[in-house]
Amino acid sequence: MSLRLSSLLLLLCLFSTAKFSTAQTYGRNGMVVSTSSVASETGRDILKKGGNAVDGAVATAFALAVTHPSAGNIGGGGFLVYMDANGEATTFDFREKAPLKATNDMFLDENGDLIENSNHFSAKAIGVPGTVAGLYKAHSKYGKLPWKEVVQPAIDLATNGFIMNWSLYNAAKYFESKPTEYPMMQDFFNNHSNAIVEPGGVWRQPELGKTLSIIRDKGHNGFYKGEVAKKLAAFMKENGGIITEKDLAKYEAIERKPVVGTYKDYQICAMPPPSSGGVTLISMMNMMEQVNFDTLEFNSTPYVHFVAESMRRAYANRAKHLGDPDFNPDMPIDFLLDKALAKELVADIDMTKATKSDSSNFGQMPEGDNTTHLSVMDKDGNAVSLTYTLEYAYGSGMVDKELGFIFNNEMGDFNPKPGVTTSTGQIGTKPNLIEPEKRMLSSMTPVIVAKDGKPYLVIGSPGGRTIINTVFQTVLNVLEFEMEIDNAIEAMKIHHQWLPDRIMYEELLMSPDTREALKSMGHDLRGISRLGQLMGIIYEDGIFKGASDSSSGEGAAVGY
Ligand code: DON
């Protein structure tokens with residue numbers, strides 16, 4: 001990982017992991033949970049006006065693009081899972097696409113080596129943004145209030161401003177200390193003056209407000225055609241990017257069937273590829289169904305071992321098989337979701353020692369870890385689970401002054417080097433090689449679980465490659481261990497992604513004895529402060545219970 005990226009991530013961690021308790025909040029009429037209290041309140045107000053879960057989610061997502069610009073966005077992409085009150089589910093894929101001029105060796109030098117940072121910190125790292133298309137499409141099909149009404153609150157927040165908080169301020173200071181690396185971020189946080197807006201002051205983004213007004217008035221076309229598209233394409237040309245007006249005109253969000261699995265009596269609806277999240281999560285839940293948890297105590301050494309071994313197997317299949325379905329029509333999704341496969345995989349686990357991940361065939365790419373998730377339910381019991389991202393925190397760090405929003409660096413989620421795979425961090429398998437108009441494979445895992453045929457649990461998280469495991473363990477905590485949503489979110493989590501072959505664990509939450517026992521079984525362990533930043537809702541007996549992960553300093557579950 002480059003120095004500048006690792007210090008940015010460290011900085012974001014330092015200022016976002018303040019507390020270690022999340023009280024759940026309650027509501028009778030609806031609930032919005034996001035990583036920004038201002039954005040959650042925006043969504044709640046839309047619900048109060050008679051909006052449904054889709055209206056609330058769209059309003060919250062646009063608000064996050066203003067109040068949480070490290071990941072909230074209109075310059076990135078993501079996924080939305082929708083389940084209506086009767087358990088009918090669908091999904092919207094608004095993942096970024098490779099531009100028409102992209103090639104599978106575009107980040108390699110003449111020797112065929114990856115040009116350092118090129119797939120994350122250059123205008124070529126920017127994928128064709130999908131967020132506006134996705135929000136517009138989901139709203140056109142399932143929203144209730146007029147589009148203009150759900151976009152307007154974000155315009156007000158951008159134009160009139162909102163109170164600068166410490167996490168934004170600290171990010172601004174970081175960028176200020178790196179003028180060479182981030183020239184375009186230098187006056188992002190300063191209201192056109194010479195100084196960053198102080199915490200407690202009002203931070204305004206009038207250019208973003210103007211772009212959002214065009215989107216309010218013209219919908220999808222407001223972003224993908226006309227004035228905004230022209231400016232965006234001109235910015236790319238000027239900065240060495242390859243996105244053109246044609247790329248924007250061709251972009252469409254796609255409504256896709258969810259991947260569906262079961263865990264005991266529950267039904268799990270999740271995102272299909274190009275997210276790897278749904279397939280991988282369901283395959284791990286299938287493995288969990290094979291064991292008797294009466295004899296496998298939560299957080300015990302055998303529990304951690306079994307969960308880690310299941311992760312190892314599911315992530316190996318993820319790396320081997322998954323990519324954009326429009327370019328990989330023959331992915332073996334049914335095979336991966338089959339309970340018979342889970343049985344076989346579990347039978348292969350030795351409960352006395354760690355398996356070794358075989359790196360001879362393929363490896364894993366590192367992924368960024370800044371994304372954001374929101375969960376919304378309305379008074380009728382409809383639910384939305386939405387995760388979207390710029391890839392790294394503040395994406396490419398590139399922003400067009402006139403448009404006022406930050407561009408993603410999602411091209412870094414493709415496998416950059418065809419055919420070359422190493423155990424230290426590169427993967428070269430075919431399903432996720434760069435091709436024009438292909439969507440890069442994602443780990444984002446927005447999920448809705450139904451109980452008795454109705455939405456019961458809405459959950460998701462940021463965290464790059466760790467997302468799938470973080471969401472998976474939270475779902476297991478609720479469905480198997482019957483934890484309340486706040487406890488399920490805060491409980492100890494681990495991450496194993498097959499390669500590198502090691503268990504990451506939340507270091508304040510795993511006992512030294514367990515660590516030693518796992519090591520003696522042959523596991524390599526690496527402690528980290530926290531995994532994920534979960535935003536969840538449980539709905540039962542007519543009550544909404546929401547919780548925002550304590551790792552989100554500014555997050556809030558807002559019910560009414
Ligand atoms: O789509 C993905 O899997 C990654 N680009 C997500 C990056 C991410 O989660 C960063 N989050 N904290």
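Reader: Where is lysine 264 in this predicted model?
Author: Lysine 264 has a phi of about 50°, which is positive although the residue is not a glycine. Most residues other than glycine have a negative phi. As for its place, lysine 264 sits in the loop between strand E8 (259-263) and E9.

Reader: And is lysine 264 buried, partly exposed or exposed?
Author: Buried would need under 20% relative accessible area and exposed over 50%. Lysine 264 comes out at 45%, so the label is partly exposed.

Reader: What about glutamate 482, buried or exposed?
Author: Here's another positive phi in a residue other than glycine, near 55° for glutamate 482. Glutamate 482 belongs to the loop between helix H15 (467-479) and helix H16 (485-490). Its relative accessible area is 67%, and the cut-off for this class is over 50%. That makes glutamate 482 exposed.

Reader: Which residue does a cis peptide bond join to proline 273?
Author: Most peptide bonds are trans. In this one, omega is about 15°. The partner is found in the loop between strand E9 (266-270) and helix H11 (277-288). It is proline 274.

Reader: What is omega for the cis bond from leucine 499 to proline 500?
Author: Proline 500 lies in the loop between E16 and E17. The peptide bond that leads into proline 500 from leucine 499 is cis, with omega near -5°.

Reader: Since you mention E16, which strands stand at the edges of its sheet?
Author: The sheet is open, with 3 strands in the order E16-E17-E18 and mixed pairing. E16 pairs with strand E17 (residues 503-506) in the antiparallel sense over 2 bridges, and isoleucine 494 stands opposite tyrosine 505 there. An edge strand has a single partner, so one of its sides is left without a neighbour in the sheet. That picks out strand E16 (494-495) and strand E18 (525-528).

Reader: On to the sheet of 7 strands: what is its order?
Author: This sheet is open too, and its pairing is antiparallel. Strand E7 (254-256) and strand E21 (556-559) are the edges, each pairing on one side only. The twist averages 15° from one strand to the next. Written out, the order is E7-E4-E3-E11-E10-E2-E21.

Reader: How many residues of E11 are buried?
Author: In a regular strand the side chains alternate between the two faces of the sheet. Ala383, Ser385, Thr387 and Thr389 point one way from E11, while Val384, Leu386 and Tyr388 point the other way, and all are buried. The strand is mostly covered, and the count is 7 of 7.

Reader: Which residue of E11 is the bridge partner of tyrosine 82?
Author: E3 and E11 run antiparallel and are joined by 7 bridges. Tyrosine 82 takes part in that bridging, and its partner in E11 is valine 384.

Reader: In the hairpin of E10 and E11, which glycine takes a positive phi?
Author: Strand E10 (residues 371-377) and strand E11 (residues 383-389) pair in the antiparallel sense over 7 bridges. Threonine 372 has tyrosine 388 as its bridge partner, and methionine 377 stands opposite alanine 383. There are 5 residues between the strands, and the phi near 95° belongs to glycine 381.

Reader: What angle does helix H2 make with E2?
Author: Helix H2 (residues 37-48) lies across strand E2 (31-34), E10 and E21. Its direction relative to E2 is about 160°.

Reader: How are H5 and H7 oriented to each other, roughly parallel or roughly antiparallel?
Author: Helix H5 (residues 147-160) and helix H7 (residues 206-218) have their axes 8 Å apart and pack at about 170°. Residues in the contact include Trp147 and Val151 of H5 and Leu208 and Leu212 of H7. Angles over 145 degrees fall in one class, and H5 and H7 are therefore roughly antiparallel.

Reader: Last one: what kind of aromatic pair do tyrosine 174 and phenylalanine 175 form?
Author: Both residues are buried, tyrosine 174 with a relative accessible area of 6% and phenylalanine 175 at 0%. They belong to one aromatic cluster with others, including Phe121, Trp203 and Tyr394. Their ring centres are 5.8 Å apart, with 70° between the planes. Planes over 60 degrees apart define the class, so the pair is edge-to-face.

How values were computed
Residues numbered from 1 in each chain as written. Predicted model: local features only at pLDDT ≥ 70, side-chain atom pairs only at ≥ 80, totals over all residues. Heavy atoms only, no water. Pairing = 2+ DSSP bridges. Helix = DSSP H or I, 4+ residues; strand = E, 2+ residues; numbered from the N terminus. Axes fitted to C-alpha atoms, helices over the stretch in contact; angles between N-to-C directions. Contact = heavy atoms within 4.5 Å. Phe/Tyr/Trp six-rings, centres within 6.5 Å; stacked < 30°, edge-to-face > 60°. Buried < 20%, exposed > 50% of the residue type's maximum accessible area, 1.4 Å probe, protein only. Parallel < 35°, antiparallel > 145°, perpendicular 65-115°, else oblique.
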